[in-house]
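This report describes selected features of a protein model for a reader who is new to structural description. Please keep the sequence and the structure in view while reading.

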Number of protein chains: 2
Amino acid sequence: MTHANYDLIIHNGTAVTVNEHFDIIEQALIGVQKGVIATVATRQAGTALPDAATVIDAGGGFIMPGLVNTHTHLPMTLFRGLADDLPLDVWLNEHIFPVESQFITAENVMWGTQLACLEMLLSGTTTCCGGYFHEDSVAAAVAQAGLRGVLAQGVIDFPAPGVPDPALNVTHAGTYVDQWLGREVTITPAVFCHSPYTCSSDTLKAAKAAARERDVLFQIHVAETEAERNASLQEHGVTPVKYLDDLGILDEHTLVVHAVWTDTEDIDIMRSRRVTISHNAESNMKLAAGIAPVPDFIAAGITVGLGTDGCASNNDLDLFSEMDSVAKIHKAVTRDPTTLDAARVLKMATRDGARAIGLGDMTGSLERGKQADLIVVDAASPHLVPLYAPHSHIVYAMRGADVNTVVVGGKILVKDRQPVTLDQERIIGRVAEIAGQIMKGRPK
Amino acid sequence: MTHANYDLIIHNGTAVTVNEHFDIIEQALIGVQKGVIATVATRQAGTALPDAATVIDAGGGFIMPGLVNTHTHLPMTLFRGLADDLPLDVWLNEHIFPVESQFITAENVMWGTQLACLEMLLSGTTTCCGGYFHEDSVAAAVAQAGLRGVLAQGVIDFPAPGVPDPALNVTHAGTYVDQWLGREVTITPAVFCHSPYTCSSDTLKAAKAAARERDVLFQIHVAETEAERNASLQEHGVTPVKYLDDLGILDEHTLVVHAVWTDTEDIDIMRSRRVTISHNAESNMKLAAGIAPVPDFIAAGITVGLGTDGCASNNDLDLFSEMDSVAKIHKAVTRDPTTLDAARVLKMATRDGARAIGLGDMTGSLERGKQADLIVVDAASPHLVPLYAPHSHIVYAMRGADVNTVVVGGKILVKDRQPVTLDQERIIGRVAEIAGQIMKGRPK
């Protein structure tokens, strides 16, 4: 270990690296220079700490990579719990779409995104990926909060918030990407087509072309429900995955979201096209979509990350509880308790999630050369005692509320459980006002 | 509202009563006299608070009944995360049974139970029901902590901790019950036969007779796995439920735990015998047992409560996350998003749970005449904003970590998130020592 000068060091904790070997380092010392991890080492007993501008004492807790949420719709925090336990069509058509058309303004999007950033940071998420409308406001809010984001402008063949004329939806997305490419190191713009059933084949092809031209991620909801699959079979004669493949949409820069209703042939297509998948277990359960065949995706060698989906369908952005759900549900489905073990699920929520959204070289593990996107989690609470196996503890027992410190790109965003970059009281107050308007204005 | 003198009042919050009408009372005022709820009312604006020895300001949060955990094995906190993601036989025979035989002493049981009580209280559970060995130590620890418990001495036809001679297992359970009947108002003793496959028919009948004589609850794991069901069909020619019914075990004082592998006929038997069921969704998922047909139980009119199971199989005692899992998993299984709505699941975790374990008249809702078993949950954190629907919020967004105050029988057990009756530092330190011995002494 070189005793260089660091901008930041983190010590006095157990590092759960989620590197290739899943190394766990007791009495770890993490050194950060210019936002990048320069050292991941064991601190030898009795040695002095290296010089550093800032020192974080992990207090005996876990030091681990920040979590990566590969699919969400950030501003939908505004609709958290607005309508639950309803059939999908009633939920969408009678609740979500009407309030979206009325209340999704650029300003409200900003407040909803700030609330999402608060929630993500306080529960240990350092990178998020998602899409919505008025994405320029989303990106500005995420950049201000300091999280890393792959943020996509939504494309749909209906009049949408900020894009009243659907004929301009792809142009609008391209313009958004151009505005954000290279603007902030933490923000990667992207394009998000809502789905194969809400976008025409022309729109799908044009949107993918716009993403390809700019070398950015293309995200799309695919095969979320059985009804979608059946409609595709009826209308196109093929499954949603095959339909998109026939259109030339699927490649290694396409993130397929959900993929619940996919068969062996679909999986083979996705594998051969090297798409990545965002698995949203809790959302899929709550909306009664079903359970995606994730063990089959992994067996096929497809990179799978985890997503919470938006707060209108989950109803939270907590990846700790998502990890717990993912590890458990697939054991029940496969009737095999060895399915998706804790280390595998943790990898999905970190390193594989980063790979799935195109940031695999940048984040997702505690490794020299990666961005310093890490969290410190307290491990001394009653529900975390005793400690036998760190990976198991993180997946099955830790909660978002155990997160103490959050660092993105070497910058401290949460300290002693308090947000550094966001004005919590103001955001909560403003969102409560917006929610009051929604309650008054929503369809009865 | 009478302006009587109260021992305790709780005000400045929204009361989620979980009474028959699921009433929600804003600006609620709860008055407690001699440990019993005397008043549940709206505080009229501008009126003074009634006189009370103690006043709890709920700070604008939720005031709700404490949660009821209908099945756990409290001392197994000692084994939290010891062995996960393993086949059931490997997990039991190579990990759990060996450490139990070596480390389950009366003293370790006490420390493990104290840790469980800490965890339960801090995550809003006020009543627990379960069984283990050295249950006298369990009951003493729960009584000292102040939680309400239905606590059963385990009966199994093997040598067990504290009961080296299985021929004495029922006698031992009877003696335990006799010692604890009427001793503490918060402790209700009970008898727990491990399962139909680990107890002979004679043991099952004798244990049920011992419970009947003393008018206490009889608990038993039933139909947890497909293998158990198949073995019962092979050995007895009938399902586990039918087998127990033929032995005369099933009645309204029998709590059937798990009931995963039950068919229509089993459900009809359980309904007609008026047994109650403890549903342990997260444990059943993690151990790959399967998903119990809970909507069918409810449709048949059977009372179903929720349980976390022990910490070796879940790995926590958090009923908030259990509610979230239960509400979601059955939607996925039934492919119907209206299945087990939030109010229903909350009822299972409170009022129905209390009924399931024989305490329905005493606890499980905020109603005049019931014991003052209640919790105050902070509702102003980012993940709980905005608020449209309290029941949905509790099930889908709240976490155990949001619990601020816990009251059992009018006695404050948690205040400002800190335990009042338990020495957290000492318990955690001692359990860490025991875990160190387990790590050294466990089979390699």
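## A helix and its packing

In chain B, the buried residues of α15(B) pack against α2 (106–122) of chain B. This is a predicted model. The buried residues in question are B:I427, B:I428, B:V431 and B:A435. Viewed along the axis of α15(B), they fall within an arc of 90°, so they line one face of the helix. A general property of helices helps to explain such a pattern: an α-helix has 3.6 residues a turn, so residues three or four places apart point the same way.

Which exposed residues lie on the face of α15(B) turned away from its buried side? That face carries B:E425, B:R426, B:G429, B:E433, B:G436, B:K440 and B:G441. The length of the helix can also be checked. Helix α15 of chain B covers residues 424–441, which is 18 residues, and at 1.5 Å a residue it should span 26 Å; the C-alpha atoms at its ends are 26 Å apart, so the two values agree.

## An open sheet in chain B

Four strands of chain B form an open sheet with mixed pairing, in the order β5-β4-β1-β6. The edges are occupied by β5 (36–42) and β6 (52–57) of chain B; each has a single partner strand, so one side of each is left without a neighbour in the sheet. From one strand to the next, the twist averages 20°.

Strand β4 (residues 28–33) of chain B runs antiparallel to strand β1 (residues 6–11) of chain B, and four bridges join them. Within this pairing, B:I9 has B:G31 in β4(B) as its bridge partner, while B:H11 stands opposite B:L29 in β4(B). Is β4(B) mostly covered or mostly uncovered? Five of its six residues are buried, and the strand is therefore described as mostly covered.

## A hairpin

β4(B) and β5(B) also run antiparallel, joined by six bridges. One of the pairs places B:V32 with B:I37 in β5(B) as its bridge partner. These two strands form a hairpin with two residues between them, and B:K34 in the turn has a positive phi of about 50°.

## The contact between the chains

How many residues does each chain give to the contact? Chain A gives 56 residues and chain B gives 56 residues. On the side of chain A that touches chain B, the elements giving two or more residues are α2 (106–122), α9 (281–286), α11 (319–334), α14 (390–396) and α15 (424–441) of chain A. The largest share, seven residues, comes from α11(A). By type, the residues on this side of chain A comprise 30 nonpolar, eleven polar and 15 charged.

Technical notes
Residues are numbered from 1 along each chain as its sequence is written. Chains are lettered from A and ligands numbered from 1 in the order in which they are written. This is a predicted model: local features need pLDDT of at least 70, side-chain atom pairs count only at pLDDT 80 or more; totals for chains, interfaces and linings use all residues. Two residues are in contact if their C-beta atoms, placed from the backbone, lie within 7 Å. Ala, Val, Leu, Ile, Met, Phe, Trp, Tyr, Cys and Pro count as nonpolar, Asp, Glu, Lys and Arg as charged, and the others, Gly among them, as polar. The expected span of a helix is 1.5 Å times one less than its number of residues. A residue is buried if 20 or more other C-beta atoms lie within 10 Å of its own, exposed if 12 or fewer, and partly exposed in between; C-beta atoms are placed from the backbone. The arc is that of the directions from the helix axis to the C-beta atoms. Two strands pair if DSSP finds at least two bridges between them. Axes are lines fitted to C-alpha atoms, for helices over the stretch in contact, and angles run from 0 to 180 degrees between N-to-C directions.
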